[in-house]
Amino acid sequence: MSSLPAELVTAIDLGGTKIAGALVDRAGRLAARVERPTPARGTAAEMLDAVRAVTDALAGHPGWAATTAVGIGSAGPVDIAAGTVSPVNIPSWREFPLAGAVAEHTGRPVVLIGDGNAFAAGEHWLGAARGQRHVLGMVVSTGVGGGLVLDGRIHAGPTGNAGHIGHISVDFGGDRCPCGGRGCVELLASGTHIARHAREAGWRPGPGEPDSAAGVAAAARRGEPAAVAAFDRSARALAAAIAATAALVEIETAVIGGGVSRAGDVLFGPLRRALADYTGLPFTRHVRVAPARLGGDAGLLGAAAACWAARPGTGTAAVVQAGAAAGR
């Protein structure tokens, strides 16, 4: 088709509930988009079949012939050097060689990236941090994930897990986290823990409201003290983590997405106020906090951006060529 771009990449956003895929051009336009449920409790082979179903659906699009690579943003931990994934919420995949399996199936080189870094890359490319060089992306949902863009490039780290801000400790005497640490941001700031803290303080959802962070947000808008306090607690944990990151790597912008970010000013108001308490150094005081703009497409666009950013020796991501060993 003459109207198709000359070059496309395939982007995959792999999470615990859904696997999304798209063909993406260099301007960030999605030529096709598909989605399948994640069989998170299935076998390793069933999980791989679900990923293949997404790529096969995209292969039926006329633009498939123009695709040059596959970018995968996966729930982690990941190991970009080995091309493996071990998503916490997908028990059958531990050190699973996903990049090699997808390269073998599609005949395209694969770039693997953690989902938090994919989110940050997408928002940096076309979202709330467009035009910024140093960005922290945070996904605040049932957990807290994150990723970094430094000097305009994805900063994945040696294994691909850099920027995992949900497991920075902000409460040294706090509870033990499932990750093995103590007092992690996730234990204070995630939607799961916002709802838990509010319930412990006496909050109950109103008629027709969910028993979740969304219900707590509705109550906070009405001024219910337990709900307001739960969001204030979350905001302070996020602010402490953002300030620590700013002191370490001088970020310009922190972009926050995920379900909890939809609380709007209930979250962002106390977050911006708390940030002023933690950013005492001159070079940390002007960090901008912004809600994400790309919604569910951030991870797909970030996975696509990783394809074009990947170059040998940069540490951004490993490129697994077609023909690499694939495992089940």
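## Salt bridges and cores: worked exercises

Arg199 counts as partly exposed, with a relative accessibility of 30% (buried is under 20% relative accessible area, exposed over 50%, and partly exposed in between, using a 1.4 Å probe and protein chains only). We're working on a predicted model, where local features need pLDDT of at least 70, side-chain atom pairs count only at pLDDT 80 or more, and totals for chains, interfaces and linings use all residues. Residues are numbered from 1 along each chain as its sequence is written, and side-chain values use heavy atoms, with hydrogens and water left out.

**Exercise 1.** Work out which parts of the chain the Arg199–Asp211 salt bridge ties together.

*Solution.* Step one: check the pair. The two side chains meet at 3.1 Å, N to O, and a salt bridge asks for a side-chain nitrogen of Lys or Arg within 4 Å of a carboxyl oxygen of Asp or Glu. Step two: place the partners. Arg199 sits in helix α5 and Asp211 in the loop between α5 and α6, so the bridge joins parts 12 residues apart in sequence (helices are DSSP runs of H or I, at least four residues, and strands are E runs of at least two, numbered from the N terminus). Step three: check exposure. Asp211 is partly exposed too, at 48%.

**Exercise 2.** Now trace the salt bridge between Arg33 and Asp297, and find its network.

*Solution.* Start with the distance: 3.0 Å, N to O. Next, the locations: Arg33 is in strand β3 (residues 30–37) and Asp297 in the loop between β12 (288–291) and α9 (298–309), so this pair ties together parts 264 residues apart in sequence. Both ends are partly exposed, Arg33 at 36% and Asp297 at 25%. Finally, bring in Glu35, which is linked with Arg33 and Asp297 in a network of salt bridges. The whole structure holds 10 salt bridges.

**Exercise 3.** Find which element gives the most to the largest nonpolar core, then see who touches Leu271.

*Solution.* First, the core itself (buried Ala, Val, Leu, Ile, Met, Phe, Trp, Tyr and Cys residues joined through side-chain atoms within 4.5 Å) has 47 residues, and Val216, Phe231, Ile242 and Leu271 touch the most other members. Then the elements: those giving two or more residues include β8 (135–140), α7 (225–249) and α8 (265–278). The winner is α7, with 12 residues. Last, skip neighbours within four places in sequence, and Leu271 is in contact (heavy atoms within 4.5 Å) with Ala235, Leu238, Ala239, Ile242, Ile256 and Val289. There's also a second, separate core of 32 residues, with Val34, Ala50, Val85 and Ala101 among them.
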